[in-house]
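Reader: I am new to this structure. Could we go through it in short questions and answers?

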Amino acid sequence: MSLSPEVETQATDTLAMSPEEKATIDTILAENAGKPGATMLVLTLVQENVGYISPPMQAYIAEALDVPLSHLYGVLTFYSFFRMAPIGRHKISICLGTACYVRGGPMLIEKFQQVLGIGMDQTTEDGRFTLEVCRCVGACSQAPVVMIDDDILGRVNPSDVAKLLRKYK
Amino acid sequence: MVYRAHILISGDAACIAKGARDVEAALWEAVQELNLKDEVQILEVSSLGHSDQGPEIVIYPDGTDYVNLTPEDAKFIIEEHLLKGRPVERLTYREPPSLPLPPPSEKEVRVVLENVGKIDPENIEDYIAMDGYMALGKVLGEMTPEEVIEELKISGLRGRGGAGFPTWLKWTLARNAPGDMKYVICNGDEGDPGAFMNRSVLEGDPHSVIEGMAIAAYAIGASQGYFYVRAEYPIAIQTLRAAIKQARDYGLLGEHIFGADFSFDLEVRMGAGAFVCGEETALMQSIEGARGMPRTRPPYPATAGLWGNPTNINNVETYANVPKIIHKGGSWFASMGTDKSKGTKTFAIAGKVERTGLIEVPLGMTIREIVYDVGGGVLGGKKFKAVQTGGPMGGCIPEQYLDLPVDYEHLKEVGSMMGSGGFVVMDEDTCMVDIARFFMEFTQDESCGKCVPCRVGTRRMLEILNRICAGEGRPGDIETLEELAVYIRDGSLCGLGQGAPNPVLSTLQYFRDEYEAHIYDKTCPAKVCKGLIEYKINPEACIGCTRCARNCPVNAIEGKPKQTHVIDADICIRCGVCKQVCPVDAVYVE
């Protein structure tokens with residue numbers, strides 16, 4: 001996790017679970033709490049369906065699974081896919097797998113940072129975009145690749161960046 | 001219902017990226033509109049082979065292959081081809097004329113990839129029509145577990161995840177291990193950068209892996225299996241979930257399969273972005289719900305694996321081979337490949353090569369054949385420098401070994417390894433020190449932190465490599481790297497740590513002069529490392545179009561429209577964007 005301690009403290013105060021989020025988590029817990037290895041299973045499903053696992057959610061899940069919160073937090077921080085805070089409406093992931101790296105991924109990073117005015121792992125002020133680097137997404141023949149949400153954009157040229165972003169409101 | 005024609009549309013990531021979904025929607029619309037829906041079937045399949053020219057469709061029975069489609073083209077094709085019976089010549093796929101090499105299919109042999117792109121992965125009946133689940137039926141009806149293992153022994157199949165451990169031996173160990181509860185696990189945590197073989201199989205032919213796992217379960221005496229798939233593959237996860245459900249509905253998973261005294265069920269578990277979970281003991285920790293950190297072996301998973309029970313863990317491709325071996329016989333499989341490495345292997349060719357993508361070739365094919373005959377040669381006719389195999393734990397193989405047969409033993413001999421099948425081609429513009437630094441950054445980031453030599457050692461190595469690439473290399477750096485490499489290799493529990501120094505060691509072995517040039521001459525021969533290069537604009541060539549200045553992220557380029565532009569080296573961050581966007585190649589590196 002890339003969140004600094006200050007951000008996390010702040011997050012605890014502001015990110016109470018919404019009723020919808022709680023309902024989704026309850027469904028996941030009801031279906032999976034009894035299964036062997038439930039901690040990881042529940043966390044991956046919550047991440048998949050809710051999009052993040054805030055500190056109040058962590059406490060709630062730990063309680064429901066009857067595991068120490070410290071254990072849950074340990075698992076959560078070990079895996080890079082888990083998030084503790086919501087991200088921008090659109091997630092931009094620039095692939096830095098070998099093929100993309102060789103074919104110009106680092107150049108795209110510079111360009112996206114310039115266009116969005118943010119650094120890596122940051123979200124734009126209007127909550128529109130979050131910028132990230134990701135590992136290989138498995139579309140190496142299209143290198144360099146950028147993923148925006150579930151769209152895989154291949155052969156991205158730095159000069160196309162501003163145009164690419166237009167359709168993501 | 002009998003259809004007059006079938007339209008297969010490629011739903012692989014590359015085609016979707018280029019608008020395959022819109023094309024598919026347009027196909028549906030046109031079929032509805034022209035009242036052809038009872039005559040024409042539209043099926044979404046995995047890759048159809050020319051994803052670089054997607055969106056792509058193939059219309060059967062005649063097999064016409066259309067590429068580079070737009071939704072308007074789709075409508076036009078339905079009207080012309082299916083209503084009027086006139087294939088649309090201008091949209092059909094043509095072999096690239098510039099390649100005088102034989103088409104890849106001649107050197108490729110598809111076993112694992114046989115069905116990928118031919119069947120609808122979300123329809124179990126497609127798989128059954130391709131002799132799917134015949135092998136499982138044969139195993140449950142006619143063979144004892146010992147006979148299954150014997151057949152695998154004859155085939156010579158070895159683990160396709162990297163180390164190449166004989167599959168029959170792994171199964172025998174798990175079978176002979178005492179225990180009432182046993183497990184089979186499929187390792188789908190394909191994390192090597194540049195490798196996407198397993199994703200294609202899981203997305204394109206999921207039932208072959210399910211069938212392979214069921215056969216393994218029967219052979220070792222297990223009743224529960226787990227797929228461990230990385231969260232970065234959401235389509236693979238969805239496809240698998242659907243495939244497992246269908247297999248259950250058809251009685252091919254669950255209680256008393258084929259009426260035999262054998263019950264087996266499967267569950268998908270997701271990884272969450274930890275590369276080290278591809279290591280088998282870490283993977284099992286992760287399934288158990290803990291931090292995915294490797295542990296000491298022995299005991300091996302075969303005797304004490306998941307929740308302490310005997311467990312067989314194989315990679316996606318290994319399992320996908322099993323039904324074919326049972327169905328066609330072990331000796332058929334053993335007839336392909338080399339003396340010690342039997343069968344075929346899928347590779348993901350990527351990097352600086354003309355035809356990138358997924359291939360499957362008999363083991364023992366030379367690097368030259370793979371790069372030039374199958375891959376179409378180095379991109380832009382540049383000079384071949386090296387090929388990187390085996391992922392971040394593998395090594396770079398230089399030009400002198402172009403005729404090396406690609407199999408487990410030979411790759412190891414030259415300081416690399418098979419790995420899961422990454423095959424990244426590098427040309428003269430690739431800096432080998434930079435590549436070593438890139439891999440070290442990857443392993444450093446992914447080190448789980450359990451073993452100190454790996455956790456601290458990779459960071460020290462990375463710091464030295466960063467320094468060398470920044471132009472601040474010092475005499476003695478190479479020796480320190482070599483020393484650290486031995487400590488990390490010998491002092492780490494799992495393959496990640498043991499293999500982490502490999503990219504550095506292999507580049508040092510074959511490209512030591514490049515390291516020396518960085519350290520002593522302060523030059524980067526491939527003109528890549530930012531601290532050692534300068535971007536310049538050739539005043540003769542510059543047309544003053546302002547593209548470079550507009551795209552420069554730090555405004556380091558000055559110049560008025562239609563006048564020669566100049567780069568201020570003090571501001572320039574050497575990102576190379578100007579060179580990439582220049583329409584007349586006026587930007588050069590010094």
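Reader: Which residues of α3(A) are buried?

Author: This is a predicted model. A residue counts as buried if 20 or more other C-beta atoms lie within 10 Å of its own. In α3(A), that holds for Ala38(A), Thr39(A), Met40(A), Leu41(A), Val42(A), Leu43(A), Thr44(A), Val46(A), Gln47(A) and Val50(A).

Reader: Is α3(A) largely enclosed or largely open?

Author: Burial decides this. Of the 13 residues of α3(A), 10 are buried. The helix is therefore, with respect to the rest of the structure, largely enclosed.

Reader: What covers the buried residues of α3(A)?

Author: Both chains take part in the cover. From chain B, it includes β7 and α11 (280-287). From chain A, it includes α2 (19-32), α4 (55-65) and α5.

Reader: What span should α3(A) have, and how far apart are its end C-alpha atoms?

Author: Take 1.5 Å a residue. The 13 residues of α3(A) should then span 18 Å. That agrees with the model, because the end C-alpha atoms are apart by 17 Å.

Reader: Which residue follows α3(A), and what is its phi?

Author: The residue after α3(A) is Gly51(A). Its phi is positive, near 105°.

Reader: Which element gives the most to the side of chain A that touches chain B?

Author: The contact takes 44 residues from chain B and 40 residues from chain A. On the side of chain A, α3 (38-50), α5 (69-78), α6 (98-102), α7 (105-116) and β4 (151-153) each supply at least two residues. The most, 5 residues, comes from α3(A).

Reader: How do the residues on that side of chain A divide by class?

Author: Three classes are counted on the side of chain A that touches chain B. They come to 4 charged, 15 polar and 21 nonpolar.

Reader: In what order do the strands of the open sheet in chain B stand?

Author: The sheet has 4 strands, with parallel pairing. From one strand to the next, the twist averages 20°. The order is β7-β6-β5-β8.

Reader: Which strands stand at the edges of this sheet?

Author: An edge strand here has a single partner, so one of its sides is left without a neighbour in the sheet. In chain B that describes β7 (265-270) and β8 (311-315).

Reader: Which residue in β7(B) stands opposite Gly225(B)?

Author: Strand β6 of chain B covers residues 224-229 and pairs with β7(B) in the parallel sense, over 6 bridges. Opposite Gly225(B), in β7(B), stands Leu266(B).

Reader: Is Leu91(B) buried or exposed?

Author: Leu91(B) sits in the loop between α3 (71-83) and α4 (124-129) of chain B. Leaving out residues up to four places away in sequence, it touches Tyr66(B), Leu69(B), Asp73(B) and Ile77(B). With 20 C-beta neighbours inside 10 Å, Leu91(B) counts as buried.

Reader: How far apart are the C-alpha centres of domain 2 and domain 3 of chain B?

Author: Chain B is divided into domain 1 (5-94), domain 2 (124-334), domain 3 (344-427), domain 4 (432-521) and domain 5 (534-589). For domain 2 and domain 3 of chain B, the C-alpha centres are apart by 27 Å.

Reader: Which helix gives the largest share of the side of domain 2 that touches domain 3 in chain B?

Author: The contact takes 16 residues from domain 2 of chain B and 15 residues from domain 3 of chain B. On the side of domain 2, the largest share is 3 residues. They come from helix α8 (residues 197-204) of chain B.

Notes:
Residues numbered from 1 in each chain as written. Chains lettered and ligands numbered in written order. Predicted model: local features only at pLDDT ≥ 70, side-chain atom pairs only at ≥ 80, totals over all residues. Pairing = 2+ DSSP bridges. Axes fitted to C-alpha atoms, helices over the stretch in contact; angles between N-to-C directions. Buried ≥ 20, exposed ≤ 12 C-beta atoms within 10 Å, placed from the backbone. Contact = placed C-beta atoms within 7 Å. Nonpolar A, V, L, I, M, F, W, Y, C, P; charged D, E, K, R; others polar. Domains from an automatic or database assignment. Expected span 1.5 Å × (residues − 1).
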